[in-house]
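User: I would like to go through some of the labels attached to this model, and to see how each one follows from its definition.

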Amino acid sequence: MTRLPRRTHQLIAAGTALLLAVTAAGCSTVPSGTRSGAESTPSVGDFPTDVVFDYQLGGGYEPAAGVGGVARDSTDSPDPDWYSICYVNGFQSQPADREAWLAEPDLVLTDDDGEPIVDENWPDELIFDLSTDFRRARIAERVGASITRCAQAGFDAVEIDNLDSYTRSDGRLTVEDAIALATRYADLAHDAGLLLGQKNAAELGTRGRDDVGFDFAVAEECHRFDECATYTEVYGDAVLDIEYTDDLRGTFDEVCADPQVPFSTILRDRDLLTADDPAHVFEACAR
């Protein structure tokens, strides 16, 4: 089942924000597990499976007490006190980079009229043309610069978004094209000392782990779409799930009571707002 990418594009490098309390009954306590800022970047293979992650793609802020990991955009900064995942859009362009990608038009997927094909849910994002190894090598070189910056900034891992863009390509791309490019990203991340996370695309099954080399998974709404077990059967406890307030199936207490949801299952507002925004929501399942 195709999942829409869930993130904001106004990436704000905010200072420390005021933190709203976590208030849902039964879901207000999250386990401790922060790591020392003195620790070095982990070697490939030791992804933490006993901490809760906050998903902060809309701008960084100090996480709630007990949070042990944070995912932020590649343009943001990691915090040395938390295990840090770097978000990189690997199969579609970020809105601010549209013209830069159009400057190499053969790397942008086009329709029969030569017009760029975009993600209909995020029309300011161009879909990359992954159809040949030559193009994949050039795309990986450009996106790889972001992966390298993640490592240099001090992130511990990378999640690569829009792996499933081939499903929005009008049949011009295949899952094999996506796997081939993702494998290049895995090599780049691992060479830089970073773990690499599969973002959504539950339909890959074991191929993400075995063929690509993904080390963990980031799933959006795996409870909502009955996919949590599909991820955990492949990655075990190395799965993060983000459920969203505007599409919640049942109550968040009921989500947390489902034995199939991963250890790190959180509830966030759809826009992933910073903690000083009145509409900000962050809750985590008590474990």
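User: Why does Glu220 have no salt bridge, and which side chain of opposite charge is nearest?

Analyst: This is a predicted model, in which local features need pLDDT of at least 70 and side-chain atom pairs count only at pLDDT 80 or more, while totals for chains, interfaces and linings use all residues. Side-chain values use heavy atoms, with hydrogens and water left out, and residues are numbered from 1 along each chain as its sequence is written. The nearest side chain of opposite charge to Glu220 is Lys199, 4.0 Å away; a salt bridge requires a side-chain nitrogen of Lys or Arg within 4 Å of a carboxyl oxygen of Asp or Glu, and Glu220 has none although it is buried (under 20% relative accessible area, with a 1.4 Å probe and protein chains only).

User: What makes the pairings of Glu220 with Asn200 and with Tyr244 polar contacts?

Analyst: A polar contact is a pair of N or O atoms within 3.5 Å, where one must be able to donate a hydrogen and the other to accept it. The side chains of Glu220 and Asn200 are joined at 2.8 Å, and the side chain of Glu220 meets that of Tyr244 at 2.8 Å as well, so both values satisfy the cut-off of 3.5 Å.

User: How are the residues lining the largest cavity divided by class?

Analyst: Phe53, Asp54 and Ile266 are among its lining residues, and the lining divides into six nonpolar, one polar and two charged. Asp, Glu, Lys and Arg count as charged, so Asp54 and Asp241, both in the lining, are charged.

Definitions and conventions
Buried < 20%, exposed > 50% of the residue type's maximum accessible area, 1.4 Å probe, protein only. Lys, Arg positive; Asp, Glu negative; His and termini not counted. 1 Å grid on protein atoms, 1.4 Å probe; cavity = no way out; pocket = protein on both sides within 12 Å on 5 of 7 lines; lining within 4 Å.
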